[in-house]
Amino acid sequence: LNMLSDILLRATKDMGKMLGGEEEKDPDAQKKEEERQEALRQQEEERKAKHARMEAERERVRQTIRDKYGLKKKEEKEAEEKAAMEQPCEGSLTRPKKAIPTGCGDDDEDDEESILDTVLKFLPGPLQDMFKK
């Protein structure tokens, strides 16, 4: 009879859990969870420190190669290229963007006169005289 009551009691507890009832809580569960979170944080810090050391070692190796072959870092090379682009060079094939070549401006009167002279050359003599007056 005791055995039967134990089975029924366990079955009732299991049914309560399945139906969304509260589970029995471990009194040390909070402490265990905090310890687990702290261990995860510590592992993450150790991993980051390890990767930082590895990257520092790689950078030392890269620097010895740069020194040996006279190479420059990407950042240094990009900075030099940018500075060179900002300085205008003499004899450059490109012109400054705001510069206007001669003959391309607001001299509309000169252009109109030269066009009129060109047209007059093709007109017959009496018409040329008429327009010149």
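This report describes the helices, the surface and the charged side-chain pairs of a predicted model.

**Overall architecture and confidence**

The protein chain holds five helices and zero strands, and its elements, read from the N terminus, follow the order α-α-α-α-α. Of the 133 residues in the protein chain, 2% count as buried, while the accessible surface amounts to about 13,400 Å², with 56% of that area belonging to carbon and sulfur atoms. The mean pLDDT of the protein chain is 76, and 63% of the residues reach 70 or more. Among the elements, helix α4 (residues 108–121) has the lowest mean pLDDT, at 66, whereas α2 has the highest, at 95. Where pLDDT is low, the predicted coordinates should not be read in detail. The sections below therefore turn to α2, the element with the highest mean pLDDT.

**Helix α2 and its end**

Helix α2 covers residues 29–69. Its 41 residues should span 60 Å at 1.5 Å a residue, and because the end C-alpha atoms of α2 are 60 Å apart, the expected and modelled spans agree. After α2 comes Gly70, whose phi is positive, near 70°.

Tyr69 lies in helix α2, and it counts as exposed because its relative accessibility is 56%, above the 50% cut-off. Together with Val61, Ile65 and Leu71, Tyr69 forms a nonpolar patch on the surface, and these residues have about 400 Å² of accessible area together.

**Salt bridges**

Side chains of opposite charge can pair when their charged atoms come close. In this model the count comes to ten salt bridges, including the three listed here.

| Salt bridge | Closest N to O distance |
|---|---|
| Arg36 and Glu33 | 2.9 Å |
| Glu55 and Arg62 | 3.0 Å |
| Arg60 and Glu57 | 2.4 Å |

The pair of Arg36 and Glu33 sits within helix α2, where the two residues are separated by about one helical turn because they are three residues apart. Both partners are partly exposed, Arg36 having a relative accessible area of 43% and Glu33 one of 37%.

The pair of Arg60 and Glu57 is likewise placed in helix α2, its members being three residues apart and thus separated by about one helical turn. Of this pair, Glu57 is partly exposed, with a relative accessible area of 40%.

In the salt bridge between Glu55 and Arg62, Glu55 is partly exposed at a relative accessible area of 35%, and Arg62 is also partly exposed, at 34%. These two residues belong to a network of salt bridges that links Glu55, Arg58, Glu59, Arg62, Arg66 and Lys73.

**Arg66 within the network**

Arg66, a member of that network, has its place in helix α2. With a relative accessible area of 13%, Arg66 falls under the 20% cut-off and so counts as buried, whereas its network partners Glu55 and Arg62 are partly exposed. The side chain of Arg66 is also joined to that of Gln63 by a polar contact of 2.7 Å.

Taken together, helix α2 carries Tyr69, a residue of the nonpolar surface patch, as well as Arg66, a residue of the salt-bridge network.

Notes: Residues are numbered from 1 along each chain as its sequence is written. This is a predicted model: local features need pLDDT of at least 70, side-chain atom pairs count only at pLDDT 80 or more; totals for chains, interfaces and linings use all residues. Side-chain values use heavy atoms; hydrogens and water are left out. Patches are made of residues with over 30% relative accessible area and no salt bridge: like charges are joined within 9 Å, nonpolar side chains (Val, Leu, Ile, Met, Phe, Trp, Tyr) within 5 Å. Accessible areas come from the Shrake-Rupley method with a 1.4 Å probe; for residues, only the protein chains shown count as cover. A salt bridge is a side-chain nitrogen of Lys or Arg within 4 Å of a carboxyl oxygen of Asp or Glu. Helices (H or I, at least four residues) and strands (E, at least two) are DSSP runs, numbered from the N terminus. Buried means under 20% relative accessible area, exposed over 50%, partly exposed in between (1.4 Å probe, protein chains only). The expected span of a helix is 1.5 Å times one less than its number of residues. pLDDT is the predictor's confidence in each residue, from 0 to 100. A polar contact is a pair of N or O atoms within 3.5 Å; within protein, one must be able to donate a hydrogen and the other to accept it, and residues adjacent in sequence count only if both atoms are side-chain atoms.
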